[in-house]
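Let's take a walk through this chain together, starting at the surface patches and ending with the charged pairs. Keep the 3D view open as you read.

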Amino acid sequence: MADVSELLGDVTEDADAVFLFSPSGSYYDRYADLDADVDLVVVGPENSVGADEFVELPLEFDNARERIRFGIEGGMEQGIVEDGDVVVCAVSMFEDGTDTVTRARASDSMHSGVYDLFANSRADPGVIRDVFEVAIELGKKGQKGKPVGALFVVGDAGKVMNKSRPLSYNPFEKSHVHVGDPIVNVMLKEFSRLDGAFIISDAGKIVSAYRYLEPSAEGVDIPKGLGARHMAAGAITRETNATAVVLSESDGLVRAFKGGELVLEIDPEEY
Ligand SMILES: Nc1ncnc2c1ncn2[C@@H]1O[C@H](COP(=O)(O)OP(=O)(O)OP(=O)(O)O)[C@@H](O)[C@H]1O
Ligand SMILES: [Mn+2]
């Protein structure tokens with residue numbers, strides 16, 4: 001008579017790697033000497049169990065699917081797994097301990113650039129996430145139903161301020177508000193109708209709105225067809241350690257630039 005592990009054995013068959021998401025120490029130790037053909041990788045905000053192979057998650061994603069995608073993308077980024085590899089993921093979905101096992105295939109299409117953006121930006125990962133959320137929401141709804149564009153420059157704010165000038169009075173002048181506060185998100189959406197860029201600090205403080213960016217665009221190579229807003233976004237990230245998040249008024253896409261390059265392009269309608 002068949003037993004449960006036989007019935008479910010297909011899930012773990014021919015695995016190239018096993019990813020343990022935030023395991024307890026004792027759980028990890030039980031499997032640390034796994035069969036030599038299979039990589040044992042710990043994925044989480046920190047490597048508390050001292051695993052040899054570790055993928056850092058900059059955020060503890062609530063959504064298990066996002067957590068898994070992100071972990072696999074990080075594993076690909078680090079060269080632990082590659083396109084086509086079977087990755088068995090052990091995660092905790094309902095309680096503290098591992099209670100869920102899934103089988104996923106690493107693929108180049110998972111390689112969206114999101115991992116690099118969160119893990120290697122100067123600003124806090126949570127701040128980058130909050131800015132993305134505002135941009136995506138703005139992209140979905142527009143401003144009073146009309147498409148709207150916006151430019152957020154995140155991190156290295158002092159330097160960004162030095163390479164820009166005000167187009168109008170700064171409504172955030174004396175305030176100490178942070179991206180992610182619900183009221184601030186309403187303000188950002190309201191002010192996005194007006195020209196220029198928002199400047200946001202590493203820790204998420206809104207430093208200014210209405211900034212005209214004046215970086216040198218020399219050597220900035222962005223896709224043809226994108227205009228001045230995107231050029232300014234790309235260029236400012238070449239001259240500073242900021243990350244720029246841009247919502248295009250004309251095609252509705254959200255793009256991110258880092259180091260002078262386009263690193264991510266997403267359609268708000270898919271989120
Ligand atoms: N250097 C800059 N700094 C800040 N904001 C800028 C800069 N250049 C352009 N913008 C803003 O971008 C807006 C749109 O400009 P433009 O159409 O040339 O950009 P774009 O890249 O085509 O963006 P979109 O896809 O949203 O149209 C301008 O009205 C202005 O608010
Ligand atoms: Mn345009």
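What follows goes through the surface, an annotated domain and the salt bridges of a predicted model.

Start close to the beginning of the chain, in helix α1, where you'll find V4. V4 counts as exposed because its relative accessible area is 57%, and exposed means over 50%. Together with L7 and L8, V4 makes a nonpolar surface patch of about 330 Å².

Now step off that helix into the loop between α1 (4-8) and β1 (17-21), which is where D10 sits. D10 is exposed too, at 54% relative accessibility. The character of the surface is negative here: D10 belongs to a patch that also takes in E13, D14, D16, E82, D83 and D108.

Next, the annotated part. An unreviewed UniProt entry lists residues 111-268 as "domain: DAC". In this model that stretch is 32% helix and 23% strand, and its end C-alpha atoms lie 18 Å apart. For a landmark, look at G145, in the loop between α5 (125-141) and β6 (150-154). G145 is exposed, with a relative accessible area of 67%. From the C-alpha atom of G145 to that of G234 is 28 Å, with the two positions 89 residues apart along the chain.

On to the charges. Side chains of opposite charge can pair when their charged atoms come close. How many salt bridges does the structure hold? There are 11, and a few of them are worth a look.

Take R122 and D156, whose closest N and O atoms are 3.8 Å apart. This salt bridge links distant parts of the chain, 34 residues apart: R122 is in the loop between α4 (114-119) and α5, while D156 is in the loop between β6 and α6 (157-162). Are the two partners buried or exposed? R122 is partly exposed at 43%, whereas D156 is buried, at 9% relative accessible area, because buried means under 20%.

R122 also meets D202 in a salt bridge, at 3.1 Å from N to O. Here the partners are 80 residues apart, with D202 in the loop between β8 (197-200) and β9 (206-213). D202 is partly exposed, at 22%.

One more pair is R165 and E214, at 3.0 Å from N to O. R165 lies in strand β7 and E214 in the loop between β9 and α8 (228-239), 49 residues away along the chain. R165 is partly exposed at 47%, and E214 is partly exposed at 38%. Back at R122, the shared partners join R122, D156 and D202 into one salt-bridge network.

Note on methods. Residues numbered from 1 in each chain as written. Chains lettered and ligands numbered in written order. Predicted model: local features only at pLDDT ≥ 70, side-chain atom pairs only at ≥ 80, totals over all residues. Heavy atoms only, no water. Patch = residues over 30% accessible without salt bridge, like charges linked within 9 Å, V, L, I, M, F, W, Y side chains within 5 Å. Areas by Shrake-Rupley, 256 points an atom, 1.4 Å probe, with all protein chains shown as cover. Salt bridge = Lys/Arg side-chain N within 4 Å of Asp/Glu carboxyl O. Lys, Arg positive; Asp, Glu negative; His and termini not counted. Charge placed at Lys NZ, Arg CZ, Asp CG, Glu CD. Helix = DSSP H or I, 4+ residues; strand = E, 2+ residues; numbered from the N terminus. Buried < 20%, exposed > 50% of the residue type's maximum accessible area, 1.4 Å probe, protein only. UniProt positions renumbered as here; feature names shortened; annotations may be inferred.
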